[in-house]
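Biologist: Would you please take one part of this model and describe it closely, with the terms explained as they arise?

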Amino acid sequence: MPIQISQLLRRDIAALEPYTPIVPLEVLAERLHMPVEQIIKLDANENPYGPSPRTLAALAAVERDTPHRYAIYPDPDQTRLRAAISRYIGQPPERVICGAGSDELIDLLMRAVLTPGDVLADCPPTFGMYSFDAALYGAQVRAVPRDASFAVDLEGVADAVVHDGAKLLFLASPNNPTGTPLPRVAVERLLELPLVLAVDEAYAEFSGTSVVDMVGAHPNLVVLRTFSKWAGLAGLRVGYAVMHEEMIGYLWKIKQPYNVNVAAEVAAIASLEDVDERMATVARIVAERERLSAALTALPGVHVYPSATNFLLCRMTGGGTARARAIRDRLAQRGILIRYFNRPGLDDCIRISVGRPEQNDVLLAALREFEGMAG
Ligand SMILES: Cc1ncc(COP(=O)(O)O)c(C=O)c1O
């Protein structure tokens, strides 16, 4: 009898829309017949300066100083890394757990909280992984849209908790793709609700704000951080979650033992030993963000939203969806990558990650040329 694979696999997964990740650099370079170094990648909020020099040196030294280090499994308890993070954030290591990027921790937290039929509140427009991952666990997503200025609708969230039983909510602060920070008072109010609140602080180093100091007093608060953005380690995959001792044991039970690899651990620790250099890089990106924002605002029919991150959300107030798509496509043909969102409320928007000044200049020149404006 022929084996029907679809009968053996999960039906709910067959019905899922696949997540559309960005096209890898090498694939794109080949498509455009362009060397990889020429591509200006402003579509994934990565750090345009890469890792710190000290981090690169630490990585280069691994096999030289400790032969076969890469042949040995990493520390499942993440002892040294958690100790270094603990000093950085001023929280005990017992409240810290690390993952292969904060993406893994989002997934772990959902596994710890959600069983099929449970409700996740989601505040769009926001990071797409929250609703995507929830579907994998058979959870229902209760959308509580943000207002016109992208502020969270606190009453709406309370309603989702009280009337629909929502038990988990991820709020990125500052939010991706809108750049909006979540006020501390809003976090305080939300923590009064019977729900697990995960404040995703992927961009905290750019905003200079954090609620990580609140985890000790609030067992229902989880703070997610990553080394992908400020430390420039997106390709090595390392992030962490900070939470009360009451909750963290659940995550330790379900974590894969070797989830943070040796190179990621070395690089993250070295970044934390080089915080001054890293924060100087963050300051350069923030200053460049302001310059880029002013230059984009000067283009006709472009509204640039305020941002506390390393990216800018721009609405095409003239030309709408068609113009936003056309800009994305025309830039891509030249090897300049930005993000377009085919989603309600955002389909006339583009998101631009802040690059190095010379990269942003190439982008701006192309945009001015599209508008028929002199540079
Ligand atoms: C809000 C938010 N959370 C999490 C992530 C994922 O970060 P990581 O690279 O640590 O998985 C991103 C990446 O863009 C993000 O924007």
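Modeller: What follows concerns the sheet and a helix that packs on it. The model is a predicted one, in which local features need pLDDT of at least 70 and side-chain atom pairs count only at pLDDT 80 or more, while totals for chains, interfaces and linings use all residues. Residues are numbered from 1 along each chain as its sequence is written, and side-chain values use heavy atoms, with hydrogens and water left out.

The sheet is open and consists of seven strands, arranged in the order S2-S8-S7-S6-S5-S3-S4 with mixed pairing. Strands here are DSSP runs of E with at least two residues, helices are runs of H or I with at least four, and both are numbered from the N terminus. Two strands pair if DSSP finds at least two bridges between them. The edges are held by S2 (96-99) and S4 (140-143); each has a single partner strand, so one side of each lacks a neighbour in the sheet. On average, neighbouring strands are turned by 25 degrees against each other, direction ignored.

Within the sheet, S3 (residues 119-122) and S5 (residues 166-172) run parallel and are joined by three bridges. Opposite alanine 121 stands leucine 169 of S5.

Helix H6 (residues 101-113) packs on this sheet and touches S2, S3, S5, S6 (196-200), S7 (221-226) and S8 (239-243); contact means heavy atoms within 4.5 Å. The direction of H6 makes about 170 degrees with that of S5, where axes are lines fitted to C-alpha atoms, for helices over the stretch in contact, and angles run from 0 to 180 degrees between N-to-C directions.
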